[in-house]
Amino acid sequence: MAEATPDQLKIDVAAIVDELADTIDVELEFPLAPITLGTEEFVPVAPARVDVTLTYAGTGIVASGTVAADLAATCSRCLQEFVMTATGDVEGFYVRPGTEAEIPEEQEAELIVGRDIDLLPALRAALALALPFAPVHDEECKGICGTCGADLSAGPCDCTPDLSLSPFAVLKDIITDSGDDA
Ligand SMILES: [Zn+2]
Ligand SMILES: [Zn+2]
């Protein structure tokens, strides 16, 4: 059973929305829910670590910094489970309700709700961008033998290559045939 993970990470920003360039440093750990990318699932093995600065920029609050998480993943070559660390660059922008019209249309913004912003969507987006589509437990991973399932990173298996299936076997026949015709 996975422990319950919050679906929000609220930060009280009331202290900085009066003074331009005021900042809040957010350094904390939080339980992260698994992240699914395509067919790959990344399951946190420890709380994620956040180091983000929130800056009041007049039109809204800018979040920038990093989030890091240790995640269990499955090697796409050998199917072994391993733990990797992902570090993402956090970017977020938060505005008060009703002030969306003051920011450029192309600027993506989340709302400040009451005194709070919810940092979680920006953190999950940053981690998702940092994750590989085909995780490998080691760049040198040789995968598993398609015949016997042996872990080829541990050494060659005992399977004898079937030479009759080799493209060179077919080639050899062609060469022999044309040799007979000549
Ligand atoms: Zn592997
Ligand atoms: Zn084999």
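What follows is a friendly exchange about a predicted model of a protein chain with two zinc ions.

Student: Let's start with the overall fold. In which order do the elements of the protein chain run from the N terminus on?

Tutor: Happy to begin there. The secondary structure of the protein chain comes to two helices and nine strands. Read from the N terminus on, the order is β-β-β-β-β-β-β-β-β-α-α.

Student: And what percentage of the residues of the protein chain count as buried?

Tutor: A residue is called buried when its relative accessible area is under 20%. The protein chain has 182 residues, and the share that counts as buried is 32%.

Student: Now the metals. Which residues coordinate the zinc ion (ligand 1)?

Tutor: The spacing is a good way in, since the donor residues of this ion follow C-x2-C-x58-H-x3-C in sequence. The distances to the zinc ion (ligand 1) are 2.0 to 2.3 Å. The donors are Cys75 (SG), Cys78 (SG), His137 (ND1) and Cys141 (SG).

Student: What arrangement do the four donor atoms around the zinc ion (ligand 1) make?

Tutor: Look at the angles here. Four donors count as tetrahedral if all angles lie between 85 and 135 degrees. The angles around the zinc ion (ligand 1) are 105 to 115°, so the arrangement is tetrahedral.

Student: Is histidine 137 buried, partly exposed or exposed? And how does cysteine 141 count, buried or exposed?

Tutor: These two donors of the zinc ion (ligand 1) make a nice pair to look at. Histidine 137 has 29% relative accessibility and therefore counts as partly exposed. Cysteine 141 is at 6%, so cysteine 141 counts as buried.

Student: On to the zinc ion (ligand 2). Which protein donors does this ion have?

Tutor: Along the chain, the donors follow the spacing C-x2-C-x8-C-x1-C. They lie 2.3 Å from the zinc ion (ligand 2), and they are Cys145 (SG), Cys148 (SG), Cys157 (SG) and Cys159 (SG).

Student: What arrangement do the four donor atoms of the zinc ion (ligand 2) make?

Tutor: The four donor atoms subtend angles of 106 to 114° around the ion. Those angles lie between 85 and 135 degrees. The arrangement around the zinc ion (ligand 2) is therefore tetrahedral.

Student: How do cysteine 157 and cysteine 159 count by accessibility?

Tutor: Partly exposed is the class between buried, under 20%, and exposed, over 50%. Cysteine 157 has 21% relative accessibility, so cysteine 157 counts as partly exposed. With a relative accessible area of 29%, cysteine 159 is also partly exposed.

Student: Let's turn to the surface. Which residues are the closest to the centre of the largest pocket?

Tutor: The largest pocket has a volume of about 360 Å³. Its lining has 15 residues, and the closest to the centre are Glu91, Gly92, Glu108, Ala122 and Ala125.

Student: Which elements each supply at least two residues of that lining?

Tutor: By class, the lining of the largest pocket has eight nonpolar, two polar and five charged residues. The elements that each supply at least two of the lining residues are β7 and α1 (120-130).

Student: Threonine 99 caught my eye. Which backbone oxygen does its side chain reach?

Tutor: Threonine 99 is in the loop between β7 (81-95) and β8 (110-111). It counts as buried because its relative accessibility is 16%. At 2.7 Å, its side chain reaches the backbone oxygen of arginine 96.

Student: How far apart are the C-alpha atoms of isoleucine 112 and valine 95?

Tutor: Isoleucine 112 is in the loop between β8 and β9 (116-118), and with a relative accessible area of 5% it is buried. Isoleucine 112 and valine 95 are 17 residues apart along the chain, and their C-alpha atoms are separated by 5.5 Å.

Student: What is the relative accessibility of isoleucine 61?

Tutor: Isoleucine 61 is in strand β6 (residues 61-74). This residue counts as buried, because its relative accessibility is 0%.

Student: Finally, what is phi for alanine 21 and for leucine 79?

Tutor: Most residues other than glycine have a negative phi. Alanine 21, in the loop between β1 (10-12) and β2 (23-30), is exposed at 51% relative accessibility. Leucine 79, in the loop between β6 and β7, is also exposed, with a relative accessible area of 56%. Both phi values are positive: near 75° for alanine 21 and about 65° for leucine 79.

Technical notes:
Residues are numbered from 1 along each chain as its sequence is written. Chains are lettered from A and ligands numbered from 1 in the order in which they are written. This is a predicted model: local features need pLDDT of at least 70, side-chain atom pairs count only at pLDDT 80 or more; totals for chains, interfaces and linings use all residues. Side-chain values use heavy atoms; hydrogens and water are left out. Helices (H or I, at least four residues) and strands (E, at least two) are DSSP runs, numbered from the N terminus. Buried means under 20% relative accessible area, exposed over 50%, partly exposed in between (1.4 Å probe, protein chains only). A polar contact is a pair of N or O atoms within 3.5 Å; within protein, one must be able to donate a hydrogen and the other to accept it, and residues adjacent in sequence count only if both atoms are side-chain atoms. On a 1 Å grid over the protein atoms alone, a cavity is a set of points where a 1.4 Å probe fits but cannot get out, and a pocket is an open set with protein on both sides within 12 Å along at least five of seven lines; lining residues have an atom within 4 Å of a point. Grid points are joined across faces, edges and corners, and a volume is the space filled by probe spheres set on the points. Ala, Val, Leu, Ile, Met, Phe, Trp, Tyr, Cys and Pro count as nonpolar, Asp, Glu, Lys and Arg as charged, and the others, Gly among them, as polar. Donors are N, O and S atoms within 2.8 Å of the metal (3.2 Å for Na, K and Ca); water is not among the atoms, so sites may look incomplete. Four donors count as tetrahedral if all angles lie between 85 and 135 degrees; four count as square planar and six as octahedral if opposite donors are over 155 degrees apart and all others between 65 and 115; anything else is irregular.
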